[in-house]
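Grab a pencil and work through these exercises one at a time. Try each task yourself before you read its solution.

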Amino acid sequence: MDNPGSSIISAFGAGSGVDFVQLADNLSEATFSFQRGNLQSRNETLEARISAASLLRSSLTNLSSALGDRIRTGDLAPRPSISNPFVADVSTTPGLTPTGTYSLEVSQLADSQTLVSQNFGESSDLVGEGTMRIRFGSVDGATFTEGTAQDALEIEVASTDTLATIAGKISSGSGGKLEAYVANGTNGAQLVIKGQEGAANGFIVEGESSAASPTATSGDLSYLSWQPATDVGELRQTSRDALFTLDTVQLSSASNTVTALPEGIVLHLTGTNAGDPTIVSFDNDSTAIASVMNDFVAALNDLAGLLNAEGAAFGGTLGNDPGTRELKRDLARLTSEIVMPGAEEGEPSTLSDLGMSLNRDGTFELDTDRLNATLAANPDATAAMFTTGAFGVFATMDNLARDNSQRTDPGSLGGSLVRYEAQIESNEDRLTKIADQQESLRSRLTRDLISAERRVASSQSTLSFLQQQIDAWNGSN
């Protein structure tokens, strides 16, 4: 095989005047250019495969995720209804799907304690220096029982504090447990203090005056004190729990928003209906299921189109990729796969039962007539296929996405990505070694060629001297 640098040497010729440093650079570059170019070309191909495999994997994962989101929080969630809408608003906990009907009877709504102080002239009136202490607990008639769940609120009141400023200190100091403001009514200015809903969120107010002889009149802090035993009309509303029955089971709640109920039911109690139970029910929306199936098939066809393009045997970026072939096989058996292994005889258990079929080109088609027939014959069983449980359409797609994304499985798209990334890393290591070898060759050639240049220069000097002597001898003759 010819030396890769032979043509360059011929071009320059031999002898002095040649740029041997540049010649060494060109020779070392030419020696390794083919290997380097080959590796760089391979990396470009590998990067294209990584991009295509990543796109396929993310498209599959996004499809599964979008389907799950729509089932959990979208129009596929069972629609709650209540026969008496004045009693409660009904919703569901995301991810849970209540079914069936429930009786609801509300005898008492939760409420918060409200205190309205005795009269002041105006909001700028001084309230008197001292310490205001608010204790939390339950108020029952003339009795207050302090609770252990909440610490008392202690407020230092300056001599310059007014009715308005003390209201602000109560609201800000309580961390949201209390709301205080000044109401200017026909009787003058009054401090209004409201607590949180629930029987355990009652409170008393202790105004400890700094005056030598507290007077319990306007301008003395003790004037704002309140105890249930000495109430003279300040208590306008007592804190209490909501009381209700669900399917005749007696329940209570500190708030009118009730969670932790069976099957993820959430109630927002708004009224009472003692002696006249109302019915809460959850119905499946057949129209929504048909809409989701249409969108699902369209999304699958987008994925199938991308898969056909990238995985084409001729011209496809992933034409010989095992992960792509496995995804094709998974999609090919998707319509016949059992997604509801516990389905009773006659109930839908596959996507083909919902009208979905596979075309010869790998795309999907939806037979809406068959879907509508399945919905009409088995509405509940069909709806059960669209949950976030261990089985169903979402579970099937979620498992398919996870299996094809496993980086530890060499036959999946995830495994393909690992393999391509490792090959690029190996090629980069080889390119680094080639760069080191090229630099070593360049240094050696530079040293050898410069040495040769010196010898040529020395020979030319000797030749010039001899030529001068010969010319001198010839001239003397």
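**Exercise 1: Two alanines in loops**

Ala260 is exposed, with a relative accessible area of 81%. Before you go on, note that this is a predicted model, where local features need pLDDT of at least 70, side-chain atom pairs count only at pLDDT 80 or more, and totals for chains, interfaces and linings use all residues. Residues are numbered from 1 along each chain as its sequence is written, and side-chain values use heavy atoms, with hydrogens and water left out.

Task: Where is Ala260 found, and what is its phi?

Solution.
- Step 1: Fix the cut-offs: buried means under 20% relative accessible area, exposed over 50%, and partly exposed in between (1.4 Å probe, protein chains only).
- Step 2: Look for Ala260 in the loop between strand E14 (257–258) and strand E15 (265–269). Strands (E, at least two residues) and helices (H or I, at least four) are DSSP runs numbered from the N terminus.
- Step 3: Check the backbone: phi of Ala260 is near 55 degrees, a positive value in a residue other than glycine. Most residues other than glycine have a negative phi.
- Step 4: Now try Ala216, whose phi is also near 55 degrees. Ala216 sits in the loop between E10 and E11, and its relative accessible area of 45% makes it partly exposed.

**Exercise 2: Aromatic pairs**

Task: How many aromatic pairs does the structure hold, and are Tyr102 and Phe282 buried or exposed?

Solution.
- Step 1: Know the rule: rings of Phe, Tyr and Trp (its six-membered ring) pair if their centres lie within 6.5 Å; planes under 30 degrees apart are stacked, over 60 edge-to-face, and the rest tilted.
- Step 2: Count them: the structure holds 2 aromatic pairs.
- Step 3: Take Tyr102 and Phe282: their ring centres are 6.3 Å apart and their planes at 85 degrees, so this pair is edge-to-face.
- Step 4: Tyr102 belongs to strand E3 (residues 100–108) and Phe282 to strand E16 (residues 278–283), so the pair ties together parts 180 residues apart in sequence. Tyr102 and Phe282 are both buried.
- Step 5: Do the other one: the ring centres of Phe120 and Tyr223 are 5.2 Å apart with planes at 70 degrees, so that pair is edge-to-face. Phe120 is in the loop between strand E4 (112–116) and strand E5 (130–140), while Tyr223 is in the loop between strand E10 (202–209) and strand E11 (235–237), 103 residues apart. Phe120 and Tyr223 are buried.

**Exercise 3: A glutamate and its contacts**

Task: Which residues does Glu154 touch, not counting residues up to four places away in sequence?

Solution.
- Step 1: Place Glu154 in strand E7 (residues 153–157). Its relative accessibility is 48%, so Glu154 counts as partly exposed.
- Step 2: Search for contacts, meaning heavy atoms within 4.5 Å. With those sequence neighbours left out, Glu154 touches Thr131, Met132 and Arg133.
- Step 3: Check one: Thr131 is 23 residues from Glu154 along the chain, and their C-alpha atoms are separated by 6.9 Å.

**Exercise 4: The whole chain**

Task: Why is the chain said to be more spread out than a compact globule?

Solution.
- Step 1: Start with the elements: the chain has 9 helices and 18 strands.
- Step 2: Compare two numbers: the radius of gyration is 43 Å, well over the 23 Å from the globule rule for 477 residues, so the chain is more spread out than a compact globule. (The radius is taken over C-alpha atoms, and the rule is 2.2 Å times the number of residues to the power 0.38.)
- Step 3: Add the spans: along its principal axes, the C-alpha trace covers about 150 × 80 × 35 Å.
- Step 4: Finish with burial: 39% of the 477 residues count as buried.
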